Amino acid sequence: MASYAPAAAPRADDREQAEHALTVAVSDVVAAVPAVKVRQVPEAGLPARVLLSQAEGAELLVLGSHRHSAAFSPAAGAVALACLRGAHCPVVVVGEPEVDR
């Protein structure tokens, strides 16, 4: 949920879709690198606050990044910047793979 969105509880179908997307992403990571320990914790809230809370005691916080437009800037977004500033562990921001056009 975006920080500018109304503070309302997520709808059940939105939560189910988010949990499914998370399950698929975690399954892909575990299948590719079984030695990596991954926790799946669906939680509503401000993204940076939730990520920082969940990263307490972690060895590494890995964030995904995506392009919002053709005018992509390598600068990190607001959530990534907040995590880079506030995390007590190393933070890695992984961008989308390049796609040949």
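This report describes the fold, strand pairing, helix contacts, cysteines, salt bridge and surface of one predicted chain.

## Overall architecture

The model is predicted, and its chain holds three helices and two strands. From the beginning of the sequence to its end, these elements follow the order α-α-β-α-β.

Of the 101 residues in the chain, 11% are buried. The accessible surface comes to about 8,000 Å², and carbon and sulfur atoms account for 59% of that area. Contacts between residues at least 6 apart in sequence were also examined: 62% of them join residues at least 24 apart.

## The paired strands

Strand β1 covers residues 61–64 and strand β2 covers residues 91–94; the two run parallel and are joined by four bridges. Within this pairing, Leu-63 of β1 has Val-93 of β2 as its bridge partner.

The side chains of β1 alternate between two faces. Leu-61 and Leu-63 point to one face and are buried, whereas Val-62 and Gly-64 point to the other face and are not buried. Leu-63 therefore combines a buried side chain with a bridge to Val-93 in the partner strand.

## Contacts of helix α2

Leu-52 is located in helix α2. Leaving aside residues up to four places away in sequence, Leu-52 touches Ala-82, Cys-83, Gly-86 and Ala-87. One of these, Ala-87, is 35 residues from Leu-52 in sequence, yet the C-alpha atoms of the two residues are 5.9 Å apart in space.

## Cysteines

The structure holds zero disulfides. A disulfide is a covalent bond between the sulfur atoms of two cysteines. For Cys-83, the closest cysteine sulfur is that of Cys-89, at 9.1 Å, and no bond is assigned because this separation is too far. A pair of cysteine sulfur atoms would have to lie within 2.5 Å to be counted as a disulfide.

Both residues of this pair are classed as buried: Cys-83 has a relative accessibility of 0%, and Cys-89 has a relative accessibility of 11%. Cys-83 is also one of the residues touched by Leu-52.

## The salt bridge in helix α1

A search of the whole structure finds one salt bridge. Glu-19 forms a salt bridge with Arg-15, and the closest N and O atoms are 3.1 Å apart. Both residues belong to helix α1; because they are four residues apart there, about one helical turn separates them.

Neither partner is classed as buried. Glu-19 is partly exposed, with a relative accessible area of 29%, and Arg-15 is likewise partly exposed, with a relative accessible area of 34%.

## A nonpolar surface patch

Val-29, Val-30, Val-33, Val-36 and Val-38 make a nonpolar surface patch of about 330 Å². Among these residues, Val-36 lies in the loop that connects α1 (12–32) with α2 (47–54).

Val-36 has a relative accessibility of 40% and so counts as partly exposed. Residues enter such a patch with over 30% relative accessible area, and the 40% of Val-36 meets that requirement.

Terms used: Residues are numbered from 1 along each chain as its sequence is written. This is a predicted model: local features need pLDDT of at least 70, side-chain atom pairs count only at pLDDT 80 or more; totals for chains, interfaces and linings use all residues. Side-chain values use heavy atoms; hydrogens and water are left out. Patches are made of residues with over 30% relative accessible area and no salt bridge: like charges are joined within 9 Å, nonpolar side chains (Val, Leu, Ile, Met, Phe, Trp, Tyr) within 5 Å. Accessible areas come from the Shrake-Rupley method with a 1.4 Å probe; for residues, only the protein chains shown count as cover. A salt bridge is a side-chain nitrogen of Lys or Arg within 4 Å of a carboxyl oxygen of Asp or Glu. Buried means under 20% relative accessible area, exposed over 50%, partly exposed in between (1.4 Å probe, protein chains only). Contact means heavy atoms within 4.5 Å.
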